[in-house]
Amino acid sequence: MASEDEINLLVIVVDVNPIWWGQQAQREPEFTLSKCLDAVMVVGNSHMAMTRTNKLAVIASHCQDSKSWRGGDGGGDDASSSGDGKYELLSVANNLIAEEIRNVMSKTEVRGNSTDTLLAGSLAKALCYIHRVSKDLEVGQEIKSRILVIKAAEDCALQYMNFMNVIFAAQKQNILIDACVLDSDSGLLQQACDITGGLYLKIPQKHALAQYLLWVFLPDSEQRSQLMLPPPAHVDYRAACFCHRNLIEIGYVCSVCLSIFCNFSPICTTCETAFKIQLPQMVKPKKKKLKQAT
């Protein structure tokens with residue numbers, strides 16, 4: 001049983017890639033970014049309302065930048081502005097989250113070919129915030145932290161190394177990473193959930209996002225053992241090669257720095273180690289001895 005003074009910190013990373021959400025609005029006008037944010041606020045409000053010591057942070061992951069909102073940031077003067085019977089702090093939190101994401105979408109421009117979501121950087125920012133909160137704990141106080149990623153756009157193989165570093169850092173700090181995927185499966189997030197002990201779910205119906213978030217991802221790790229949850233998904237453990245950033249099943253691994261390559265190279269391009277290759281020895285043909293005439 002968790003103590004009353006134990007802090008339960010939930011960091012929600014939302015993929016707000018403007019290109020993907022623009023295409024999604026054309027494919028399914030009934031499910032837009034605003035509908036997704038409404039579901040995020042529902043699960044965030046539910047998390048904070050469960051216990052007074054629960055904390056929440058939301059990070060908007062864009063293709064150029066990532067912005068975060070943390071519980072307690074601003075809103076002190078507006079706490080009494082809600083007159084609809086809603087808990088004032090939740091109303092202020094919803095307004096601040098919507099304002100931060102609106103600023104990200106309006107001020108950040110998509111330039112060049114940089115259209116991939118900076119998800120690895122957003123996860124690193126989430127780990128930094130969790131580390132900062134854990135450092136400010138009082139004596140004898142404990143914290144349980146987890147990260148919920150709401151993924152929209154496809155994976156970027158260029159972020160493979162940064163992503164794996166974040167995953168192993170979270171595993172070392174006992175931080176769960178959960179993933180709720182809206183579109184195509186994410187091999188990187190499958191590995192993150194499997195390594196850290198989190199849950200991975202690709203929702204079959206996008207318009208039911210709020211129901212899936214409340215059912216699967218709102219309970220913590222202790223409560224999940226008492227629920228009937230979806231079966232675990234198959235994990236794609238393919239690695240991305242360092243030369244072309246393609247996901248491969250069979251490749252060449254440097255014995256010094258463990259870099260992965262899809263094609264053989266006598267010199268590692270990462271650590272510049274030269275490998276001694278034993279070439280097959282050339283067998284010299286034997287000269288036939290001429291028989292002397294008798």
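**Figure 1. Helices α2 and α7 run alongside each other.** Angles under 35 degrees count as roughly parallel. In this predicted model, helix α2 (residues 33–50) and helix α7 (residues 209–217) have axes that come within 9 Å and cross at roughly 25°. The two helices, α2 and α7, are therefore roughly parallel to each other. The crossing of α2 past α7 is right-handed. If you would like to find the contact yourself, look on α2 for Cys36, Ala39, Val40, Val42, Val43 and Ser46, and on α7 for Leu209, Ala210, Leu213 and Leu214. Sorted by class, the contact of α2 with α7 has 9 nonpolar residues, 1 polar residue and no charged ones.

**Figure 2. Helix α4 packs against helix α5.** Here we turn to α4 (residues 119–135) and α5 (residues 160–172), whose axes come within 9 Å and cross at roughly 25°. That angle makes α4 roughly parallel to α5. The crossing of α4 past α5 is left-handed. From α4, the contact takes in Leu119, Ala120, Leu123, Ala124 and Leu127. From α5, the partners are Asn162, Phe163, Val166, Ala169 and Ala170. Of the residues in the contact of α4 with α5, 9 are nonpolar, 1 is polar and none is charged.

**Figure 3. Helix α5 also packs against helix α6.** The axes of α5 and α6 lie 9 Å apart, and the helices pack at an angle of about 15°. They are therefore roughly parallel to each other. In this pair, α5 passes α6 in a right-handed crossing. On the α5 side, the contact is made by Tyr160, Phe163, Met164, Ile167, Phe168, Ala170 and Gln171. Facing them from α6 are Leu188, Leu189, Gln191, Ala192, Ile195 and Thr196. The contact of α5 with α6 divides into 10 nonpolar and 3 polar residues, with no charged residue. Phe163 and Ala170 of α5 may look familiar, since they also belong to the contact with α4.

**Figure 4. A close-up of isoleucine 195 and the residues it touches.** Isoleucine 195 sits in helix α6 (residues 187–196). Leaving aside residues up to four places away in sequence, isoleucine 195 touches Met164, Ile167, Phe168, Gln171 and Tyr237. Met164, Ile167, Phe168 and Gln171 are also among the α5 residues that make the contact with α6. Isoleucine 195 and isoleucine 167 are 28 residues apart along the chain, and their C-alpha atoms are separated by 7.5 Å.

**Figure 5. The largest cavity and its lining.** The structure holds 2 cavities of 30 Å³ or more, and this view shows the largest, with a volume of about 70 Å³. Its lining is formed by Asp116, Thr117, Leu119, Lys151, Glu154, Asp155, Cys156, Gln159, Phe163 and Leu188. By class, the lining of the largest cavity has 4 nonpolar, 2 polar and 4 charged residues. Some of these names have come up before: Leu119 of α4 and Phe163 of α5 are part of the contact between those helices, while Leu188 of α6 takes part in the contact with α5.

**Figure 6. The second largest cavity, lined by residues from β2, β3 and α3.** About 50 Å³ of space lies in the second largest cavity. Around it you will find Val58, Ala60, Lys67, Ser68, Trp69, Ile97, Glu100, Ile101 and Val104. Which elements give two or more residues to this lining? They are β2 (55–61), β3 (66–70) and α3 (88–107). Of these, α3 gives the most, with 4 residues. The lining of the second largest cavity divides into 6 nonpolar, 1 polar and 2 charged residues.

Notes
Residues numbered from 1 in each chain as written. Predicted model: local features only at pLDDT ≥ 70, side-chain atom pairs only at ≥ 80, totals over all residues. Heavy atoms only, no water. Axes fitted to C-alpha atoms, helices over the stretch in contact; angles between N-to-C directions. Parallel < 35°, antiparallel > 145°, perpendicular 65-115°, else oblique. Left-handed = near helix turned anticlockwise from the far one by under 90°. Contact = heavy atoms within 4.5 Å. Nonpolar A, V, L, I, M, F, W, Y, C, P; charged D, E, K, R; others polar. 1 Å grid on protein atoms, 1.4 Å probe; cavity = no way out; pocket = protein on both sides within 12 Å on 5 of 7 lines; lining within 4 Å. Points joined across faces, edges and corners; volume = space filled by probe spheres on them.
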